[in-house]
Amino acid sequence: MRMQAAIMFEQGKPRPYAQSHALEIETVELEGPGPGEVLIEVAAAGLCHSDLSAIEGIRPRPLPVVIGHEGAGIVRECGEGVTDLKPGDHVITVFVASCGTCRYCVRGRSNICPAGNAARAAGTLMSGAKRISRLNGEKINHGSGLSLFAQYGVMARRSMVKIDKSIPLEDAAIFGCAVMTGAGAVLNTAKMQAGDVIAVVGLGGVGMNALFAAVAGGAERIIAVDANPEKLGLARQWGATDAFLATEADVVEQIRAATDGGVDTVVETAGNIKAMELAYAITARGGRVVSAGLPAQGANFSYMHSGLVSDEKSILGSYMGSCVAERDIPRFLGLYQRGKLPVGSLKSGFLPLAEINAGFDRLSDGTVLRQVLRPNM
Ligand SMILES: NC(=O)c1ccc[n+]([C@@H]2O[C@H](COP(=O)([O-])OP(=O)(O)OC[C@H]3O[C@@H](n4cnc5c(N)ncnc54)[C@H](O)[C@@H]3O)[C@@H](O)[C@H]2O)c1
Ligand SMILES: [Zn+2]
Ligand SMILES: [Zn+2]
């Protein structure tokens with residue numbers, strides 16, 4: 001079938017992206033679903049900072065590619081062997097494809113499935129297929145086994161979780177990345193418990209979900225840190241007990257003084273080494289840093305090793321919030337339905353495909369939380 005998609009032919013185009021056309025809207029051909037695959041109509045797709053990092057070129061991708069890895073849609077066709085979904089079902093997409101049988105998948109760590117990772121690096125679906133091509137026949141790579149910046153998508157059955165039709169698809173989309181990553185970092189990777197003191201460094205779409213989860217999970221104190229004062233105001237409104245501006249020269253001393261020597265659990269959701277250094281510096285003796293931010297490929301974080309040992313600090317990576325999508329999406333949706341994860345309040349407006357580049361300009365400016373693309377609008 002023919003459809004419109006936003007294609008990235010080149011990384012590192014200059015800003016403003018609305019002028020340089022970092023993503024180009026083109027009519028492309030989408031093949032139908034192969035065995036174990038599903039065709040969905042993309043109802044909504046969030047603009048995540050990871051997509052922006054791909055556009056900036058700080059995280060390399062096989063090109064040309066259709067990116068977009070946070071979304072929700074409606075099943076239109078099931079490939080051979082897919083018997084548990086039917087046309088009309090609503091789904092949330094999962095940005096890490098997984099095999100379901102490797103040693104990671106069987107131990108509840110499908111978020112780091114090596115086969116999923118290999119497919120992602122190769123720009124293919126789990127089956128090895130590339131289902132999108134230009135009208136001249138040139139194959140287009142898939143982003144995250146999904147390619148959601150398009151009107152339709154074909155992806156592995158395991159790259160989606162069925163949801164109830166009562167959930168608005170524009171909110172559901174945000175669960176595909178920001179909610180799993182932010183809430184999962186707090187509740188899964190950090191295993192936060194009621195009464196804990198926690199800090200969130202970087203209050204974007206991901207960080208605000210970490211904050212919501214900390215509130216829902218009963219944190220005693222929540223210290224919000226961002227470089228943008230407007231984000232601090234919102235964080236206070238949404239349950240942060242303390243807020244600090246990362247750009248102040250003595251911010252580390254301020255936070256350490258306010259928290260009797262540091263914070264037990266610090267979640268870094270900013271995505272740069274400076275933020276990670278701040279997160280590590282405000283971590284208390286015996287405490288841990290959970291890092292979900294993704295800085296430039298190859299960037300290194302360093303720390304004084306003897307201090308890590310004598311202070312018994314821990315540094316943990318958190319990919320897709322250590323989530324098992326089939327387990328955690330229903331769990332987080334349950335919190336959302338009871339008003340505990342007010343994900344809908346993160347929406348900063350809807351975009352048609354034609355405005356996607358302007359959307360990335362705004363994300364780069366830091367003036368928005370989650371903009372939601374509606375490619376069939
Ligand atoms: N680990 C994962 O699975 C995963 C998934 C999704 C996104 N990410 C990454 O998470 C990060 C955040 O994504 P997002 O979509 O929420 O981005 P965003 O642009 O919406 O938010 C980033 C926030 O960090 C703040 N910030 C920047 N530098 C800072 C600093 N030095 N100190 C404090 N705050 C600072 C910004 O002001 C902004 O509010 C990105 O690096 C993204 O690539 C990781
Ligand atoms: Zn993302
Ligand atoms: Zn696996």
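## Register between β14 and β15

In this predicted model, Val266 stands opposite Val289, a residue of strand β15. The two strands concerned, β14 with residues 263-268 and β15 with residues 283-291, run in the parallel sense and are joined over five bridges.

## The other neighbour of β14

Strand β14 also pairs in the parallel sense with β11, here over four bridges, and in this pairing Val201 is the residue that stands opposite Glu268 of β14. How much of β14 is covered? Most of the strand is, since five of its six residues are buried, a term that applies under 20% relative accessible area.

## The sheet as a whole

Both pairings belong to an open sheet of six strands, which follow one another in the order β13-β12-β11-β14-β15-β16 with parallel pairing. Its edges are formed by β13 (242-245) and β16 (314-317), each of which pairs on one side only, and from one strand to the next the twist averages 20°.

## Helix α8 and the crossover

Helix α8, comprising residues 273-281, packs on this sheet and touches β11 (197-201), β12 (221-226), β14, β15 and β16, while its direction makes about 150° with that of β15. Which path does the chain take between β14 and β15? From β14 the chain passes through α8 and on to β15, and the resulting β-α-β crossover is right-handed. Helix α8 therefore has two roles in this description, as the connection within the crossover and as an element in contact, with heavy atoms within 4.5 Å, with the sheet strands β11, β12, β14, β15 and β16.

How values were computed. Residues are numbered from 1 along each chain as its sequence is written. Chains are lettered from A and ligands numbered from 1 in the order in which they are written. This is a predicted model: local features need pLDDT of at least 70, side-chain atom pairs count only at pLDDT 80 or more; totals for chains, interfaces and linings use all residues. Side-chain values use heavy atoms; hydrogens and water are left out. Two strands pair if DSSP finds at least two bridges between them. Axes are lines fitted to C-alpha atoms, for helices over the stretch in contact, and angles run from 0 to 180 degrees between N-to-C directions. Buried means under 20% relative accessible area, exposed over 50%, partly exposed in between (1.4 Å probe, protein chains only). A crossover is right-handed if, with the strands pointing away from the viewer, the path from the first strand over the helix to the second runs clockwise.
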